[in-house]
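Hi,

Here is the structure I said I would pass on. Have a look at it first, and then read my notes underneath.

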Amino acid sequence: MHIGVIGAGIGGLAIAIRLAAKGHQVTVFEKNSYPGGKIAQLYTQGYRFDTGPSLFTLPEWVDELFHLCNKHTEDYFTYSQVKNNCKYFYPDGTVFNFYHDQELLKQEILNRTTEAPEHIYTRLATAKEVYEISAPVFLLSSFHKLSNFNTPPYKQIARKLHKLDFFWTMHQANQSSFTDPHMIQLFDRYATYNGSDPYRAPATLNMIAHLENNIGAFFPAKGMYHIADSLYRLATHMGVQFNFKTGIEEILIRDKQAVGLRTSSGEDIPFDRIVSDVDAKQVATRLLKNHPLKNRLQKASLSSSALIFYWGIKKQFPDLDLHNILFSADYPEEFRKIFRDKGITGDPTIYIFISSKQVPEDAPAGCENWFVMINVPADQGQDWDELIPKARRQIIAKINRFLQTDIEKYIETEQTASPLTIEKNTYSMHGALYGTASNSIFSAFLRHPNFLRKIAHLYFVGGSVHPGGGIPLCLASAKIVEQEMKLNHG
Ligand code: FAD
């Protein structure tokens, strides 16, 4: 089989590797000059920045791709477990480290919160149970296919539906689990890991806490871009052919079947099967004439986006860790602003990611590379020229207040990413980080499926389709598509 893949994001790389491992001829078309999509990096004045994802969970799903190709992961890619999953700073001066080590964590809970450690263990045990019941159905198979409903995981989930916490929100579940508001806010924050609102998203999503805190957070030895780069090298070693700076203009359909791709230079190339790693809304509006789900996609609400400053800081801050959160004082207001008003609160929660804490080469000696991010709405035509400088002033004032510093005088290089640049670089509609939002119990069912009943030989991977956004779920989408394609070894 000759298979065409549109997009070299993590989903596109993963499906290309899976199909090449089966012996098929795979050709990837990528409009950018580099692989990785949202997993990207930039170099400036001696600093290296990962520009997209920073948190790495479920690394074994990356390992699996090397194993499928009979390669040793360590020959391409190494990573280690992070000791402190995240350092949280609260407006009242409380600081809390979410250590992976159980004894350290217990001491931290006892010394810095009023929460009983058992409440946190119980919440994490529930998150684990929900993950283990739901992953085989919601994350690792296509529930857009009726025959799957007759398989053991689906039958099992039917008996355990009451355990999946569909009918209350993440916040309501956290409020009933904890007495200390610091813990409620900390656990509510996991909604942002797929661009959602904890005051509306179903409590099922509290399972995200299991991935980071029970299984663990990891970090690649050379930073996040190393994930994309090593998968790209694996793909090329498996014979996948990459065409960079080659946009696809149209998916060609004949007799209700995908038959080829039209490139931006007007060339039509025939394929036996096609896999799209392009944002689903983008496919519906630009690449596919008469997409059967176009109306549904247009109505779906989008996940949040991000405003990020990449700052080269000519100073080291020993009080900061790899992942740091400076919480807002009014969390409900922050999410109301993002999802209802499509704006930015005056006191946003700030995430500071400093890869040079783990990878010293990422910054010159004595310096640090700060990735400073706040959650913002996807682009809906807001006046970003006004919003961005205003948010920057508020971020700087807040960092100064929380860290007792004058950060502006240490910024020696600066670049910015916004919903507009994210859309431009990755063709994600309106710069949404995770496709559609998961703010209702129906979101999972309304997500774009991995195939369309009305168009044969066309499949979909990546963060905007089932099972969702984030590196692990994009890898899961590739696994599902490989299963659904039902191709024999070529
Ligand atoms: P994308 O990365 O969206 O790539 C799609 C590719 O297709 C792009 O390279 C694009 O150029 C190409 N393309 C699009 N249209 C065409 C066309 N017509 N022709 C040719 N090529 C085309 N996830 C985590 O797990 N942890 C995190 O901490 C995290 N943080 C994030 C922070 C930010 C700022 C962002 C932006 C994302 C973050 N994510 C995180 C989400 C994660 O990065 C994404 O879910 C994932 O990388 C998306 O991969 P994808 O396969 O959907 O493809």
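Below is what I found, going from salt bridges to pockets and then to a few odd spots. Bear in mind that this is a predicted model.

**Salt bridges**

Searching the whole structure turns up 21 salt bridges. The one I'd look at first pairs glutamate 64 with lysine 479, with 2.9 Å between the closest N and O atoms. It ties together distant parts of the chain: glutamate 64 sits in helix H2 and lysine 479 in helix H16, 415 residues apart. Both ends are partly exposed, glutamate 64 at 22% relative accessible area and lysine 479 at 24%.

Another one to pull up is arginine 392 with glutamate 414, at 2.8 Å from N to O. Here too distant parts of the chain are linked, with arginine 392 in helix H13 (384-403) and glutamate 414 in strand S18 (411-417), 22 residues apart. Glutamate 414 counts as partly exposed, at 32% relative accessibility. There is also a network: Arg18, Lys22, Glu64, Lys479 and Glu482 are joined by salt bridges that share partners.

For a local example, try lysine 337 and aspartate 341, whose closest N and O atoms are 3.7 Å apart. The two are separated by about one helical turn, because they are 4 residues apart in helix H12. Lysine 337 is partly exposed at 25%, and so is aspartate 341 at 34%.

**Cavity and pocket**

How many cavities of 30 Å³ or more are there? The count is 1, and the largest cavity holds about 50 Å³ of space. Its lining includes Asp279, Lys281, Leu297, Met429 and Ser464, and overall the lining residues split into 5 nonpolar, 3 polar and 2 charged.

The second largest pocket has a volume of about 220 Å³. It is lined by 15 residues, and Pro181, Gln185, Ser328, Ala329 and Tyr331 lie nearest its centre. Helices H7 (181-188) and H12 (331-341) each supply at least two lining residues, with H7 giving the most, 5 residues. By type, the lining of this pocket has 8 nonpolar, 4 polar and 3 charged residues.

**Backbone oddities**

Histidine 466 and proline 467 are joined by a cis peptide bond, with omega about 5°. Proline 467 is in the loop between strand S20 (455-460) and helix H16 (471-485).

Two residues other than glycine are worth a look for their positive phi. Asparagine 70 has phi near 55°; it lies in the loop between helix H2 (60-68) and strand S5 (79-81) and is exposed at 71% relative accessible area. Lysine 486 has phi of about 50°; it is in the segment after H16 and is exposed as well, at 57%.

**On the surface**

Phe442, Phe445 and Leu446 make a nonpolar surface patch of about 320 Å². Phenylalanine 445 belongs to helix H15 (443-446) and is partly exposed, at 41% relative accessible area.

Last one: glutamine 316, in the loop between strands S14 (305-313) and S15 (323-326), is partly exposed at 45%. Its C-alpha atom is separated by 12 Å from that of threonine 405, 89 residues apart along the chain.

Over to you!

How values were computed. Residues numbered from 1 in each chain as written. Predicted model: local features only at pLDDT ≥ 70, side-chain atom pairs only at ≥ 80, totals over all residues. Heavy atoms only, no water. Patch = residues over 30% accessible without salt bridge, like charges linked within 9 Å, V, L, I, M, F, W, Y side chains within 5 Å. Areas by Shrake-Rupley, 256 points an atom, 1.4 Å probe, with all protein chains shown as cover. Salt bridge = Lys/Arg side-chain N within 4 Å of Asp/Glu carboxyl O. Buried < 20%, exposed > 50% of the residue type's maximum accessible area, 1.4 Å probe, protein only. 1 Å grid on protein atoms, 1.4 Å probe; cavity = no way out; pocket = protein on both sides within 12 Å on 5 of 7 lines; lining within 4 Å. Points joined across faces, edges and corners; volume = space filled by probe spheres on them. Nonpolar A, V, L, I, M, F, W, Y, C, P; charged D, E, K, R; others polar.
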